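Visitor: I have a structure to go through. Could you take me around it?

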Amino acid sequence: AELSRRSTIDRSDLVATVRETVTLSVVAADGGLDLVYQVDAPHQLRPQSWVGQRFPLHASASGKVLLATYDGERLERFLLEPLVRFTPSTITTAEALRSELERVRELRYAFVIDEEEEGLSGVATGIHGQTDELIGVLTVSGPTQRLDPHRGGHAVDHLLRAAGQIESVLRRGRE
């Protein structure tokens, strides 16, 4: 609740800047991600409301951010289950997913194009607590025709900055 309350201004500013839908997910007690807040893009063509939903971790930008925090043992347990194919772009092999998660760790964000649903793209980054644990994920989503690799790359800078501002506010609030 505190994460949602303290980050409202940053997310609204982010939507105004990138002009796509922004969501906030928090790490739930069971280790999954609960989407708790959404600010819609100012376009008629935009993603539906996802509040209260969960996404497949291997096929969503927010899920890949979470998976990138897993240690080797936990990731191997996750990979015991088949990686469901949602579209032709979905990563369905353990080797490809491991490679993708390494990229997410290096870059500090995940970018997906048409992996969970054709025509939907997203870019996400983590929000970390005082001990650097992942506490939430900030995601920008939109139609692939608008949120292509070029515009997605533009959104990354703003997304990373907004996540950093949220982390800074959370840290100040606990001092």
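Guide: The following exchange covers confidence, fold, core, cavities, the largest pocket and some single residues. Please note that this is a predicted model.

Visitor: What pLDDT does the chain average?

Guide: The average pLDDT is 85, and 85% of the residues score at least 70.

Visitor: Where does pLDDT stay under 50?

Guide: It does so over residues 1–10. For that stretch the model has 21 contacts beyond four places in sequence.

Visitor: Now the fold. How many helices and strands does the chain have?

Guide: There are six helices and five strands. Along the sequence their pattern reads α-α-β-β-α-α-α-β-β-β-α.

Visitor: What share of the residues counts as buried?

Guide: Of the 175 residues of the chain, 50% are buried. As for contacts with a separation of 6 or more, 57% of them join residues 24 or more positions apart.

Visitor: Which residues of the largest nonpolar core touch the most other members?

Guide: They are Val 65, Leu 66, Leu 67, Tyr 70, Leu 97, Leu 101 and Val 137, in a core of 20 residues. Two or more residues each come from helix 3 (61–67), helix 5 (94–107), strand 3 (110–113) and strand 5. Helix 3 gives the largest share of this core, four residues.

Visitor: Is there a general tendency behind such cores, and what is it?

Guide: In soluble globular proteins, nonpolar side chains tend to be buried together.

Visitor: Back to Tyr 70. What is it in contact with, leaving aside neighbours within four places in sequence?

Guide: Tyr 70 contacts Gly 31, Leu 57, Leu 75, Phe 78 and Arg 105. Apart from the core just described lies another, of 19 residues, and its members include Val 18, Tyr 109, Val 123 and Leu 138.

Visitor: Let us turn to strand 5. Thr 139 is found there; is it buried or exposed?

Guide: Thr 139, in strand 5 (residues 134–143), counts as buried because its relative accessibility is 7%, and the cut-off for buried is under 20%.

Visitor: Which residues does Thr 139 contact beyond its neighbours within four places in sequence?

Guide: Its contacts are Thr 21, Val 22, Thr 23, Ser 62, Val 123, Ala 124 and Leu 159.

Visitor: Different topic: how many cavities of 30 Å³ or more does a search of the whole structure find?

Guide: The search finds two. The largest cavity has a volume of about 160 Å³, and the second largest has a volume of about 40 Å³.

Visitor: What lines the largest cavity?

Guide: Its lining has 16 residues, and Ser 60, Ala 61, Glu 116, Leu 120 and Ser 141 lie nearest its centre. At least two lining residues each come from helix 3, strand 4 (120–128) and strand 5. Strand 4 gives the most, with three residues. By class, the lining of the largest cavity has seven nonpolar, seven polar and two charged residues.

Visitor: And which residues line the second largest cavity?

Guide: The second largest cavity is lined by Ser 25, Leu 33, Arg 54, Phe 55, Leu 57, Ser 60, Ser 62 and Gly 63. These divide into three nonpolar, four polar and one charged.

Visitor: What volume does the largest pocket have?

Guide: The volume of the largest pocket is about 270 Å³. It is lined by 15 residues, with Arg 108, Tyr 109, Thr 125, Gly 126 and His 128 the closest to its centre. Helix 6 (149–173) is among the elements that supply at least two lining residues, along with helix 5 and strand 4. The largest share of the lining, four residues, is from helix 6.

Visitor: You mentioned Arg 108. Where is its place, and what is its phi?

Guide: Arg 108 is in the loop between helix 5 and strand 3. Its phi is positive, about 75 degrees, although Arg 108 is not a glycine. Arg 108 is exposed, with a relative accessible area of 54%.

Visitor: What about phi of Asp 114?

Guide: Asp 114, likewise a residue other than glycine, has a positive phi near 60 degrees. It lies in the loop between strand 3 and strand 4. At 18% relative accessibility, Asp 114 counts as buried.

Visitor: One last residue: is Glu 95 buried or exposed?

Guide: Glu 95, found in helix 5, counts as exposed because its relative accessibility is 65%. Its C-alpha atom is separated by 9.9 Å from that of Leu 79, 16 residues apart along the chain.

Notes. Residues are numbered from 1 along each chain as its sequence is written. This is a predicted model: local features need pLDDT of at least 70, side-chain atom pairs count only at pLDDT 80 or more; totals for chains, interfaces and linings use all residues. Side-chain values use heavy atoms; hydrogens and water are left out. pLDDT is the predictor's confidence in each residue, from 0 to 100. Contact means heavy atoms within 4.5 Å. Buried means under 20% relative accessible area, exposed over 50%, partly exposed in between (1.4 Å probe, protein chains only). A nonpolar core is a set of buried Ala, Val, Leu, Ile, Met, Phe, Trp, Tyr and Cys residues joined through side-chain atoms within 4.5 Å. On a 1 Å grid over the protein atoms alone, a cavity is a set of points where a 1.4 Å probe fits but cannot get out, and a pocket is an open set with protein on both sides within 12 Å along at least five of seven lines; lining residues have an atom within 4 Å of a point. Grid points are joined across faces, edges and corners, and a volume is the space filled by probe spheres set on the points. Ala, Val, Leu, Ile, Met, Phe, Trp, Tyr, Cys and Pro count as nonpolar, Asp, Glu, Lys and Arg as charged, and the others, Gly among them, as polar.
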